[in-house]
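Dear colleague,

I am passing on the structure we spoke of, with notes on what turned up in it. Please read the notes with the structure open.

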Amino acid sequence: MNPPATSRTVTGHIDVHPRGFGFLVVHPSGSDEVLSAFIPPPELHPYLADDVVSATVTASADGRWSASGLSLLERPRLEVYGEVVQRKGSAHLRIDRDVGNGEWPLETAGVEVQPGDAVVARVDDGKAWLLRKLEPGTDRSLERIIVRHGLRREFDPQVHAEVEQVLSVPHALGGRRDLRQIPTVTVDSASTRVIDDAISVLPAGGDGALRLFVSIADAAGFVTEGSALDRAARERATSVYLAGAMLPMLPEALSTNWLSLVPGEDRLCLTVELRIDPEGRVTAADVYESLIRSWAKLSYTEVADYLDKDEVSEPMRAVRDAMPWFRAAAARLAVARAGRGGIEMSRDEARFTFDEETGEVSGIEAVRPTTAHTLVERFMVAANEAIAGWLIDRGVPSLFRVQDEPAPQRVADLAAFAHHSGFAAGFGRRLTPLALAAFDRQIAGCTAEPALRSVLRRSLGPSRYTVVAAMHFGLAARAYLHFTSPIRRYADLSVHRTLKQYLQGRRDFVHEDPSVEQLAVHLNERSRTSSRAEKDRHRVLEARVMASHVGREFSGRITRVRPSGLLVQLDGMLVECNLPADSLPEGPYQPDPRETSLVGPARTFIIGMPLRVRVASTDEQLGRVELALAG
């Protein structure tokens, strides 16, 4: 007998909700539609997040879909985090609630475990097999996030052995341009140990043009393509920053030592040399392998103090005469950027503080970018853009970084948000880079700026890697790529390899090489995974910090509307919290079709609206801070 027309068999992946239920997410072939079918807790029990399953989905009278009859097709997740519970005299594993809702029999292989112990296990054939037990004092929430997203702390012994072998072989210096006599500095946070970019400027000549040198650690000279080290770096794709912990793409023996551009040491680099005329135009770009020596390691604070107050720190004295030319180069590039539009990429960030003795998170603060951050950003963006153009001019395929023009509906949503925040956008049907720059200028410095920028970046949409060169809308760049962080991003390392191959005589490149696009797909996926892990860690620590603020009132602004309620960003703290719809008075509430407002019988909450709220509760395990309307 055929099933009714409202039922059909589909294949999709499982999305687990930490409250115990889940959804089957289906992307029908040849359609932009995304079908999301509810999975009740009993049906979800044997399955994990990201499992690929076949199932029967059925539509109810109100149009909602539910899934039943699930059958496992593929399980990409190999390891899970969980805590030990005792059931009928035997050990079971209660799995991370973001990954599964079940308790699985735990095979301990003779290792003694107690209820409440945190462990990492391998899942197979309906059981969990103990891999390791976490030591007392371990930050469980951090380990849970690392395992949840398939991240790795350690490198295999083969990788470490390969690093030792690489470092034992002298590297040839022949053919490299010697830049050691040019005043060269690095600018980073004071605590940074991985330094992969250095900058130099030569004064303007008789024609008014100055020369900016951006020198980047030659990671490709140490990481051989196809080696165990390269495979590990490619799989990780990026260093991951988890607020209080960093998971490096390359082992520290390389990333913080032999590759890092520490002051006073000779280092191998790839350098892009830009000729910048008095109007800020880059009129020529040259790329070559180089040998540099950093004259000084400067912090952002030191450079900002020079730019803003003309204060010269002790490390800066060695390059005192070059500092005005750094300022001149940044100012010229700023003029050119302003003429074509786009936005500055530096933004306010929420930064956690940690107790020096215990290592526990102690607070959260909003950190604004300084003039030094803006200077370095302009130099790095100019270098990345110049390398992209250099490769395109020579017909060499590479991993480009692109961002599409936002769709008209996204533009309309952003304009509505601006309006409800007290700003007149007036974009029209299309958002151009210059209109974007004008809006960026309009919101700079206002109280609502962090919330506005959060919505602005969401409206612009994500950037992505691809072998097909195209515009980066947010930067108003004809072509763009990542070149300046090969120690921390595999995309940059790949670009370095391509550059070195061309410089060393290779010419048989394939136009829009499919293998490069395959790499782009992998890096995009790993980038999304790393971003999700960083956000999860951020939410956990936010909940931990905000637990001490339960009952306190804050001003905030609605930044997102969901069927379950509102997301509200608190002023001054950059913390985004949940305001449940069922806690709002005069309900019930439903979102409008575009999810720009939450509509009730007598009241409407609109994205951008300022609110006075109270912290009602926190849940650290879920990384959730819940609010209630004040008063």
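**Notes on the structure**

Of the 631 residues of the protein chain, 50% count as buried. The model is a predicted one.

Overall form: a compact globule of 631 residues would have a radius of gyration near 25 Å, and the 27 Å found for the protein chain therefore agrees with that. Along the principal axes, the C-alpha atoms fill a box of roughly 80 × 60 × 55 Å. The secondary structure of the protein chain consists of 13 helices and 31 strands. If one takes the contacts between residues at least 6 apart in sequence, 65% of them join residues at least 24 apart.

Surface and charge: about 29,300 Å² of the protein chain is exposed, with 49% of that area supplied by carbon and sulfur atoms. The chain carries 75 positive and 84 negative charges, and the mean positions of these two sets lie 2 Å apart.

Strands E24, E30 and E31: strand E30 (residues 610–619) runs antiparallel to strand E24 (residues 553–562), and 5 bridges join them. Within this pairing, Gly556 has Leu611 of E30 as its bridge partner. E30 is also joined to strand E31 (residues 624–629), again in antiparallel fashion, by 6 bridges. Here Asp619 is placed opposite Arg624 of E31. E30 and E31 make up a hairpin with 4 residues between them. In its turn, Gly623 has a positive phi of about 60 degrees.

Regards

Conventions. Residues are numbered from 1 along each chain as its sequence is written. This is a predicted model: local features need pLDDT of at least 70, side-chain atom pairs count only at pLDDT 80 or more; totals for chains, interfaces and linings use all residues. Side-chain values use heavy atoms; hydrogens and water are left out. Helices (H or I, at least four residues) and strands (E, at least two) are DSSP runs, numbered from the N terminus. The radius of gyration is taken over C-alpha atoms; the globule rule is 2.2 Å times the number of residues to the power 0.38. Buried means under 20% relative accessible area, exposed over 50%, partly exposed in between (1.4 Å probe, protein chains only). Contact means heavy atoms within 4.5 Å. Accessible areas come from the Shrake-Rupley method with a 1.4 Å probe; for residues, only the protein chains shown count as cover. Lys and Arg count as positive and Asp and Glu as negative; His and the chain ends are not counted. The place of a charge is taken as NZ of Lys, CZ of Arg, CG of Asp or CD of Glu. Two strands pair if DSSP finds at least two bridges between them.
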